[in-house]
Amino acid sequence: MAVNFTSGDQRTRERDWMISQILALPTLHEKIQPSDWAEKTRYLPPHVTARPGFYRYEAAPFLREIVDCLSPYSPVEIVDYMKGVQIGATVGVLENGIGYYIEHVKDAPMMLMSTDADLVKLRVEKYIIPMLEHSDLYHLIQSNDSRNPRKTGLKESSIEWLGGGFLLTFGANSPGKLRSTSIMVLLEDEIDSYATRAGK
């Protein structure tokens, strides 16, 4: 019968290592509102806006309260608002909410829905991917399939990120796709253009 003994020095080193790991853990969890995240992190490049730079809610201050309702700390569960066209709500609420969840919530399954697949694909290509690149979020994008290291977190109809969260993008005219996945956060855009019926 073989018996392995760990030397006193080895046990001391292991104990000291474990203590150092525990002491290195953060003792505070930063609660940041989506609007504060956007003004601190979200950068709008010149090809996205005529006013490039860090996002500021001073241009549309009424959007601040709306986007902060997307915080997991908010008691609000459903946000519904009526607005005019081209006031920056998609950027200020929906996109900033996505960026906030990628960096701070991490594990939330989300869905972005617009009138049709082409419109939502255009939104991802022209606005959301530049947000990832210019707001220092791109390093968080990775596949949640640990079995296949060659997979990327950025696909044609979804974005996956570190922590297990993902964003599915669908058109409102695809009922089969809309009911195929459980999600925590549903973001809808251009609702007035949705078809009255989708499928049966």
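Which residues line the second largest pocket? The views below answer this and describe the surroundings.

This is a predicted model, in which local features need pLDDT of at least 70 and side-chain atom pairs count only at pLDDT 80 or more, while totals for chains, interfaces and linings use all residues. Residues are numbered from 1 along each chain as its sequence is written, and side-chain values use heavy atoms, with hydrogens and water left out.

**View 1. The lining of the second largest pocket.**
The second largest pocket is lined by A117, D118, V120, K121, E156, S157, T169, F170, G171, S174 and K177. Two elements, α5 and β5 (166–171), give two or more residues to this lining. Helices (H or I, at least four residues) and strands (E, at least two) are DSSP runs, numbered from the N terminus. The largest share, four residues, comes from α5. The space in the second largest pocket is about 160 Å³. A pocket is an open set of points on a 1 Å grid over the protein atoms alone, with protein on both sides within 12 Å along at least five of seven lines; a cavity is a set of points where a 1.4 Å probe fits but cannot get out; lining residues have an atom within 4 Å of a point. Grid points are joined across faces, edges and corners, and a volume is the space filled by probe spheres set on the points. By class, the lining of the second largest pocket holds three nonpolar, four polar and four charged residues. Ala, Val, Leu, Ile, Met, Phe, Trp, Tyr, Cys and Pro count as nonpolar, Asp, Glu, Lys and Arg as charged, and the others, Gly among them, as polar.

**View 2. The largest pocket.**
The largest pocket contains about 1,500 Å³ of space. Its lining has 47 residues, and those closest to the pocket centre are Y81, A89, T90, V93 and L94. At least two lining residues come from each of β2 (53–54), α4 (89–105), α5 (117–134) and β6 (185–188). The most, six residues, come from α4. The lining of the largest pocket divides into 28 nonpolar, eight polar and eleven charged residues.

**View 3. Helix α4.**
In α4, 15 of the 17 residues are buried, meaning under 20% relative accessible area (exposed is over 50%, partly exposed in between; 1.4 Å probe, protein chains only). A kink of about 30° is centred on N96 of α4; the bend at a residue is the angle between axes fitted to the seven residues ending there and the seven starting there. Just after α4, K106 has a positive phi of about 70°.

**View 4. The largest cavity.**
One cavity of 30 Å³ or more is found in the whole structure. The largest cavity has a volume of about 40 Å³, and T90, L94, E95, L112, S114, V120, R123 and D189 line it. Two or more of these residues come from each of α4, β3 (109–114) and α5. The largest share, three residues, is from α4.

**View 5. Strand β3 and its partners.**
All six of the six residues of β3 are buried, so this strand is largely enclosed by the rest of the structure. P109, M111 and M113 point one way from β3, and M110, L112 and S114 point the other way. Six bridges pair β3 with β5 in the parallel sense; two strands pair if DSSP finds at least two bridges between them. Four bridges join β3 to β6, also parallel. M111 has L168 as its bridge partner in β5 and L186 in β6.
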